[in-house]
Amino acid sequence: MWLLDNAATYAGSWPNSRIVQFATDYAGYARAVVPSEREEATNVELLLALTVPVQRQFFGWPWSRVRHVLADHRAFAQTIARISGDPRTP
């Protein structure tokens, strides 16, 4: 909840709008997963699937960021599509 509520504070200092969008999308979708009707194990799986690409792009070594940027954004988009689907399906 803090990430989403304070996005303007921390994301405003980043130079690239793509990075800002990535961070705010993460915060919003992570917040949407927690109270969903899915089973707890599915919520954990979705949160991990959201977090791994974001963590690598924000906190990984520069060579790792560049090497995985396309795969990370693709995996993130697939997870968002899964979250946006019916919460009763795994």
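In this predicted model, ring pairs join Phe22, Phe58, Phe59 and Phe76 into a cluster. The count of aromatic pairs comes to 3. One of them brings together Phe22 and Phe58, whose ring centres are 6.2 Å apart and whose planes meet at 15°, so this pair is stacked. A stacked pair needs planes under 30 degrees apart, and the 15° between Phe22 and Phe58 therefore earns the label. Phe22 belongs to helix 3 (residues 17-33) and Phe58 to helix 4 (residues 40-59), so the pair ties together parts that are 36 residues apart in sequence. Both of these phenylalanines, Phe22 and Phe58, are buried.

Phe22 has another partner to meet. With Phe76 it forms an edge-to-face pair, 4.8 Å from centre to centre and with 70° between the planes. Phe76 sits in helix 5 (residues 62-84) while Phe22 sits in helix 3, so here the parts tied together are 54 residues apart in sequence. How much of each ring-bearing residue is left accessible can also be given. The relative accessible area of Phe22 is 4%, so this residue is buried. Phe76, at 5% relative accessibility, counts as buried because the limit for that class is under 20%.

Two members of the cluster lead on to the next feature, the largest pocket. Phe58 and Phe59 are among the residues that line it, and the lining also includes Leu3, Tyr10, Trp14, Ala23, Tyr26, Thr51, Val54 and Gln55. Rolling a probe the size of a water molecule over the atoms shows where empty space is left. In the largest pocket, that space comes to about 190 Å³. Helix 4 gives the most to the lining, with 5 residues. Helix 3 and helix 4 each supply at least two residues of the lining. Sorted by class, the lining holds 8 nonpolar and 2 polar residues, with no charged residues.

Trp14, one of the lining residues, is a good place to pause. Trp14 is placed in the loop between helix 2 (7-11) and helix 3. Its relative accessibility is 28%, so Trp14 counts as partly exposed. Setting aside residues up to four places away in sequence, Trp14 touches Ile19, Val20, Ala23 and Phe58. Of these partners, Phe58 also takes part in the ring cluster, and both Ala23 and Phe58 appear in the pocket lining.

Helix 4 also holds Leu46. This leucine has a relative accessible area of 0%, so Leu46 is buried. Beyond its neighbours within four places in sequence, Leu46 is in contact with Val33, Arg38, Thr79, Arg82 and Ile83. The C-alpha atoms of Leu46 and Phe76 are 10.0 Å apart in space, and the two residues are 30 residues apart in sequence.

Arg56 is another residue of helix 4. At 27% relative accessibility, Arg56 falls in the partly exposed class. Its contacts, not counting residues up to four places away in sequence, are with Ser64, Arg65, His68 and Asp72. With Asp72 there is also a polar contact, in which the side chains of Arg56 and Asp72 come to 2.7 Å. Val66 lies 10 residues along the chain from Arg56, and a distance of 9.9 Å separates the C-alpha atoms of the two.

A second arginine, Arg31, is found in helix 3. Arg31 has a relative accessible area of 37% and is therefore partly exposed. Leaving out residues up to four places away in sequence, Arg31 touches Met1 and Leu4. Trp2 is 29 residues from Arg31 in sequence, with 9.4 Å between the C-alpha atoms of Arg31 and Trp2.

Note on methods:
Residues numbered from 1 in each chain as written. Predicted model: local features only at pLDDT ≥ 70, side-chain atom pairs only at ≥ 80, totals over all residues. Heavy atoms only, no water. Phe/Tyr/Trp six-rings, centres within 6.5 Å; stacked < 30°, edge-to-face > 60°. Helix = DSSP H or I, 4+ residues; strand = E, 2+ residues; numbered from the N terminus. Buried < 20%, exposed > 50% of the residue type's maximum accessible area, 1.4 Å probe, protein only. 1 Å grid on protein atoms, 1.4 Å probe; cavity = no way out; pocket = protein on both sides within 12 Å on 5 of 7 lines; lining within 4 Å. Points joined across faces, edges and corners; volume = space filled by probe spheres on them. Nonpolar A, V, L, I, M, F, W, Y, C, P; charged D, E, K, R; others polar. Contact = heavy atoms within 4.5 Å. Polar contact = N/O pair within 3.5 Å; in protein donor to acceptor, adjacent residues only side chain to side chain.
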